[in-house]
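Here's a quick back-and-forth on one protein model. Have a look at the sequence and the fold, then see whether the answers match what you'd get.

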Amino acid sequence: MGWISDSIYNEDSYLKIKEKVNRKLSENYSEYDWQIDTIPKSSILSCPYHLIDDLLIRNTKVQFLQGKYKPYLDVIRNQENNIFIYTLNHDLLLDRFFNFLDIEYSDGFSSEISELFLGERPIEIFDNSFEKRVKLIKLHGSINYYGYPYTEERNLHKGFDYFKTDNYHEKQKATHIDKITNEPIQMVNWDIVPKIVTGKNKKLNIERDKMFRVLYKNFVENISKLEKLIIVGYSFSDPHINEVIENFKFEIPEIISINPENNFHGDNVRHINPLIESVDL
């Protein structure tokens, strides 16, 4: 998916792909006038993100998945220490687990200062709040994270906010309401592309973005304070993540690497191959 994103953001690749698509459509569906040149580039560039969204939606009931994730869920539920979960995945599996098991968690979103509403219900926006013991930090975004650009003359000064929803209606009809006058200012959200970091230039995209920059800073500041670091199924293919782990790995008393491939080493590292041995945390 990163390759697709990189390809269409590259101008030369983008033009070649568009020309190929136009030719294929003309050859196979000649009765239609596609007018592909009239489609805004932003709409075409958003396609990989909608594709990621479609691919990651899972309807499997979480009770059927509990057994596979039991060692990790037991760690999360059966201790009193703060748990920081830094994930590079965009899916909602952990969110669904926590809600199903009544595990309270923070993900940086809350409705405390939100001015976005659906009806009378406030919508959670990103305010960097992580008050709960279990903290879920999606460093590369999520399929239920959306932007809300303030587009009316009276709220342009606010720029934009990130909000969280898995409701199709809510992501488009989130309404900005003036809390003092209770007057609706903006009633439509035009930005319905899931907010996800992908492609080759992840670190640069993170540095340019106000939410992802804060989440990454959180990761850098907290990793050295951990008593135990558990790395699960990470491919070590993101340099900006590897850099942080390498810089602080000797300051962490215990590291457990759970991966079929033993590609992370150190005197304080215990490797577990989940394909041939049980996961003991």
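Q: In which sense do β8 and β9 pair?
A: Keep in mind that this is a predicted model. In it, strand β8 covers residues 145-149 and strand β9 covers residues 160-164. Five bridges link the two strands, and the sense of the pairing is antiparallel.

Q: Which residue of β9 is the bridge partner of Pro149?
A: β8 runs over residues 145-149, so Pro149 belongs to that strand. Across in β9, the partner bridged to Pro149 is Phe160.

Q: How many of the five residues of β8 are buried?
A: The rest of the structure largely encloses this strand. That conclusion comes from the count of its buried residues, which is four.

Q: Is Thr165 buried or exposed?
A: Thr165 sits in the loop between β9 and α7. The cut-off for buried is under 20% relative accessible area. Thr165 has a value of 5%, so it counts as buried.

Q: Which backbone nitrogen does the side chain of Thr165 reach?
A: Leaving out residues up to four places away in sequence, Thr165 touches Asn144, Tyr146, Glu170 and Lys171. Its side chain also makes a polar contact at 3.0 Å, inside the 3.5 Å limit. The backbone nitrogen at the other end belongs to Asn167.

Q: What is the order of the strands in the open sheet of three strands?
A: The pairing in this sheet is parallel. Its edge strands, each paired on one side only, are β1 (83-87) and β2 (105-106). With β7 between them, the order reads β1-β7-β2.

Q: Which residue of β7 is the bridge partner of Ile83?
A: β1 and β7 (residues 134-138) pair in the parallel sense, and five bridges connect them. For Ile83, the partner over in β7 is Val134.

Q: What angle does the direction of helix α6 make with that of β7?
A: Helix α6, residues 93-100, packs on the sheet that holds β1, β2 and β7. α6 touches each of those three strands. Its direction and that of β7 make an angle of about 160 degrees.

Q: What is the separation between the C-alpha atoms of Arg96 and Lys61?
A: Arg96 has its place in helix α6, where it is partly exposed with a relative accessible area of 27%. Lys61 is 35 residues apart from Arg96 along the chain. Their C-alpha atoms are separated by 9.2 Å.

Q: How are α9 and α10 oriented, roughly parallel or roughly antiparallel?
A: The two helices pack with their axes 9 Å apart and an angle of about 20 degrees. Angles under 35 degrees count as roughly parallel. So α9 and α10 are roughly parallel.

Q: What is the handedness of the crossing where α9 passes α10?
A: On the α9 side, the contact is made by Tyr216, Phe219, Val220 and Ile223. The α10 side brings in six residues, among them His240, Glu243 and Phe248. The crossing is right-handed.

Q: Which elements do the buried residues of α10 pack against?
A: Helix α10 spans residues 239-248, and its buried residues include Ile241, Asn242, Val244 and Ile245. They pack against α8 (202-207), α9 (210-223) and β12 (228-232).

Q: What share of contacts between residues at least 6 apart joins residues at least 24 apart?
A: The protein comes to ten helices and 14 strands. Of its 281 residues, 42% count as buried. For those contacts, the share is 64%.

How values were computed
Residues numbered from 1 in each chain as written. Predicted model: local features only at pLDDT ≥ 70, side-chain atom pairs only at ≥ 80, totals over all residues. Heavy atoms only, no water. Pairing = 2+ DSSP bridges. Contact = heavy atoms within 4.5 Å. Axes fitted to C-alpha atoms, helices over the stretch in contact; angles between N-to-C directions. Buried < 20%, exposed > 50% of the residue type's maximum accessible area, 1.4 Å probe, protein only. Polar contact = N/O pair within 3.5 Å; in protein donor to acceptor, adjacent residues only side chain to side chain. Parallel < 35°, antiparallel > 145°, perpendicular 65-115°, else oblique. Left-handed = near helix turned anticlockwise from the far one by under 90°.
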